Amino acid sequence: MSIKLEICSFNLASALIAQDAGAHRIELCASPEEGGTTPSPGLIHAARRLLHIELYPIIRPRGGDFLYTEEEYSTMLNDISFCKQAGCNGVVIGLLNADGTIDKIRTSRLVEAAWPLGVTFHRAFDWAINPFEAMEDIISTGCERILTSGQRPTAVEGATLINELVRQADERIIIMPGAGMRSKNITALMEQTDASEYHSSARTRAKSKMEYINESMNEDNTAVIVDGEEVKKIIGLISAYNAHKTDV
């Protein structure tokens with residue numbers, strides 16, 4: 001199976017840059033400072049209109065933990081309904097119980113609500129009390145994929161656990177490494193984890209194009225943007241690795 005790359009994009013410009021650079025899927029988010037929250041309806045509509053690759057908006061009503069109130073859960077259901085109407089390919093979710101186990105009941109309901117869209121369980125997984133039990137619980141809910149850094153701050157640090165999860169999953173669910181993944185470490189991650197999909201934000205900062213900037217405000221007015229050249233480098237390394245595996 002050819003290895004795929006998902007790029008996390010926090011704005012429309014980033015999603016288009018990632019697509020042009022060869023990414024296979026976009027995880028669309030808002031609020032990079034909070035690790036990603038649900039993007040606006042306007043952004044989702046625009047992205048769907050302009051992207052021809054897969055589009056998976058994150059369904060996360062706020063930053064912080066992944067223990068949600070009934071009101072927040074209801075919001076997630078409504079956001080999923082909107083994504084279906086907008087023609088998205090899937091959504092990205094993640095819910096935990098207070099004891100660190102997977103909230104199987106509400107996760108299953110969200111998966112049912114999203115059908116026939118695909119569903120990724122995001123890095124809420126990395127906060128679960130037992131990664132192997134958590135994976136089995138997520139499989140039982142019908143999710144197609146888990147985004148994980150191997151319960152460490154970066155996928156490089158969590159590579160050993162990620163590989164163990166890939167082996168235990170045995171193709172029942174996709175284990176997708178992410179967090180800190182760049183061109184400088186993608187080849188090592190592919191070799192160490194044997195995963196079939198990878199996730200990166202490939203982020204950099206874009207300077208403001210304003211002619212006038214009020215320096216007395218003393219605020220950073222740069223924006224998070226995807227580095228297209230970085231995405232191209234990652235895609236190139238993935239293509240080389242795919243070719244090598246085919247030749248072996």
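Is Glu230 buried or exposed, and what is its relative accessible area? In this predicted model, Glu230 is buried, with a relative accessible area of 7%. The residue belongs to helix α8, which spans residues 228-247. Its side chain makes a polar contact of 3.4 Å with the side chain of Arg182, and, when residues up to four places away in sequence are left aside, Glu230 touches Arg182, Ser183 and Ala202.

Ala202, one of the residues that Glu230 touches, lies in the loop between β8 (197-200) and β9 (203-206). The backbone of Ala202 has a phi near 45°, a positive value in a residue other than glycine, and Ala202 counts as buried because its relative accessibility is 0%, under the 20% cut-off. A positive phi also occurs at Asn218, where the value is near 55° and the residue is again other than glycine. Asn218 is found in the loop between β9 and β10 (223-226); whereas Ala202 is buried, Asn218 is exposed, with a relative accessible area of 70%.

Helix α6, which runs over residues 159-169, has as its buried residues Ala159, Leu161, Ile162, Asn163, Leu165, Val166 and Ala169. The elements that cover these buried residues include two helices, α5 (131-141) and α7 (186-193), together with the strands β6 (145-148) and β7 (174-177). An α-helix has 3.6 residues a turn, so residues three or four places apart point the same way. In the contact with α7, the residues contributed by α6 are Ala159, Ile162, Asn163 and Val166, and these meet Leu189, Gln192 and Thr193 of α7. By class, the contact of α6 with α7 has four nonpolar and three polar residues, and no charged ones. The axes of the two helices, α6 and α7, come within 8 Å and cross at roughly 45°, an angle that makes α6 oblique to α7. Just after α6, the chain continues through Asp170, which takes a positive phi of about 50°.

A further backbone feature is found in the loop between α4 (104-114) and β5 (118-121), where Pro116 is located. The peptide bond that joins Trp115 and Pro116 is cis, with an omega of about 10°.

The cysteines were considered with regard to possible disulfides, and the count comes to zero. For Cys83, the closest cysteine sulfur is that of Cys88, and the distance of 4.3 Å is too far for a bond, because a disulfide requires sulfur atoms within 2.5 Å. For Cys143, the closest cysteine sulfur is in Cys83, at a distance of 15 Å, which is likewise too far for a bond. Both residues are nevertheless in the buried class: Cys83 has a relative accessibility of 0%, and Cys143 has a relative accessibility of 5%.

Technical notes. Residues are numbered from 1 along each chain as its sequence is written. This is a predicted model: local features need pLDDT of at least 70, side-chain atom pairs count only at pLDDT 80 or more; totals for chains, interfaces and linings use all residues. Side-chain values use heavy atoms; hydrogens and water are left out. Buried means under 20% relative accessible area, exposed over 50%, partly exposed in between (1.4 Å probe, protein chains only). Helices (H or I, at least four residues) and strands (E, at least two) are DSSP runs, numbered from the N terminus. Contact means heavy atoms within 4.5 Å. Axes are lines fitted to C-alpha atoms, for helices over the stretch in contact, and angles run from 0 to 180 degrees between N-to-C directions. Angles under 35 degrees count as roughly parallel, over 145 as roughly antiparallel, 65 to 115 as roughly perpendicular and the rest as oblique. Ala, Val, Leu, Ile, Met, Phe, Trp, Tyr, Cys and Pro count as nonpolar, Asp, Glu, Lys and Arg as charged, and the others, Gly among them, as polar. A polar contact is a pair of N or O atoms within 3.5 Å; within protein, one must be able to donate a hydrogen and the other to accept it, and residues adjacent in sequence count only if both atoms are side-chain atoms.
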